[in-house]
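User: I would like a close look at one part of this protein, with the surrounding structure brought in where it helps.

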Amino acid sequence: CSGTEETLTVNCDRQGLEELPSNFPEVSRNISLAENYITRISNGAFTGLSNLVSLNLAWNRITVLQKDTFMGLSSLAKLVLAGNPLTIDTLEKSVFDGIQNHMPTLKELSLEDMYIPLRSQSLKPLRGSSMESLIFRANDFNCDLPGDAFSGLTLKYLDISRNMKLK
C-alpha cells in the first residue's frame, strides 16, 4: 500500500490482497482497497480509525461482513461496496443497521453491480439518517421494486439506472 501524509490517504488498490491489512495509520482519512481479493471483513476491522471519511472496498470478493464490521467509523461519509457478491441479508445486518450505530455521518453509499434484490424493509434503518446519495446502479433487480422502498429518505441523489428488471 502507498500513502501520503498531506492528504492522509492510504491506497491499496490492485495489490492482490486476500486479507484486510491491519496497520492503517489512525490519522487516515481516506482508504481505498479496490480491486483486490478480500473475501471477509471481521468485526471491528476499522477500530481506531475515527477520522476516516472515505472507505472504498469496491470490486473485491467480499461475501462476509460482520454485524459490527464498521464499528468506530463515526466520521465516515462515503462507503463504496460496489461489485462485491454480498447478499441483501448481509447488507441489512452489517451496513444498513450499522449506519445508525457506527456510521452516523454516512452520506454516500455505493452498492452498484452487486445483483441484490431490494426489499422495502431493507432501507428502513436509513430513514432519519444523514444519507444524501444512494447508488444502486446495475443490480439487475430480479424483483418488483416496492413502492415504499425509498420512503422516508431525504436523498439528494438516487441512482437506480441499468436495472432492466425493475417494474
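Is R14 buried or exposed? Please set that residue in its context.

Analyst: The model is a predicted one. In it, R14 is exposed, because its relative accessibility is 55% and the cut-off for that class is over 50%. R14 lies in the loop between β2 and β3. Its backbone also deserves attention: R14 has a positive phi of about 50°, although it is not a glycine. As background, most residues other than glycine have a negative phi.

The loop that holds R14 also holds C12, and it runs between β2 (9-11) and β3 (30-32). C12 forms a disulfide with C1, and the two sulfur atoms are 1.9 Å apart. In general terms, such a link is a covalent bond between the sulfur atoms of two cysteines. A search of the whole structure finds 1 disulfide. The pair links distant parts of the chain, with C1 in the segment before β1 (2-4) and C12 in the loop, 11 residues apart. The torsion about the S-S bond of C1 and C12 is about 115°, so the disulfide is right-handed. The two partners fall into opposite classes of accessibility: C1 is exposed at 56%, whereas C12 is buried at 0%.

Another residue with a positive phi is D113, which is not a glycine and has a phi near 55°. D113 is found in the loop between β8 (108-110) and β9 (133-135). D113 counts as buried, because its relative accessible area of 17% is under the 20% cut-off. R14, by contrast, is exposed.

As for the wider setting, the protein has 10 strands and 1 helix, and the order along the sequence is β-β-β-β-β-β-β-α-β-β-β. The radius of gyration is 15 Å, close to the 15 Å that the globule rule gives for 167 residues, so the protein is as compact as a globular protein of that length. The C-alpha trace spans about 45 × 30 × 25 Å along its principal axes. Of the 167 residues, 46% count as buried. Among contacts between residues at least 6 apart in sequence, 56% join residues at least 24 apart. The protein exposes about 8,200 Å², of which carbon and sulfur atoms supply 47%. Finally, the protein has 16 positive and 19 negative charges, and the mean positions of these two sets are 6 Å apart.

Terms used
Residues numbered from 1 in each chain as written. Predicted model: local features only at pLDDT ≥ 70, side-chain atom pairs only at ≥ 80, totals over all residues. Heavy atoms only, no water. Disulfide = S-S within 2.5 Å. Helix = DSSP H or I, 4+ residues; strand = E, 2+ residues; numbered from the N terminus. Buried < 20%, exposed > 50% of the residue type's maximum accessible area, 1.4 Å probe, protein only. Rg over C-alpha atoms; globule rule 2.2 N^0.38 Å. Contact = heavy atoms within 4.5 Å. Areas by Shrake-Rupley, 256 points an atom, 1.4 Å probe, with all protein chains shown as cover. Lys, Arg positive; Asp, Glu negative; His and termini not counted. Charge placed at Lys NZ, Arg CZ, Asp CG, Glu CD.
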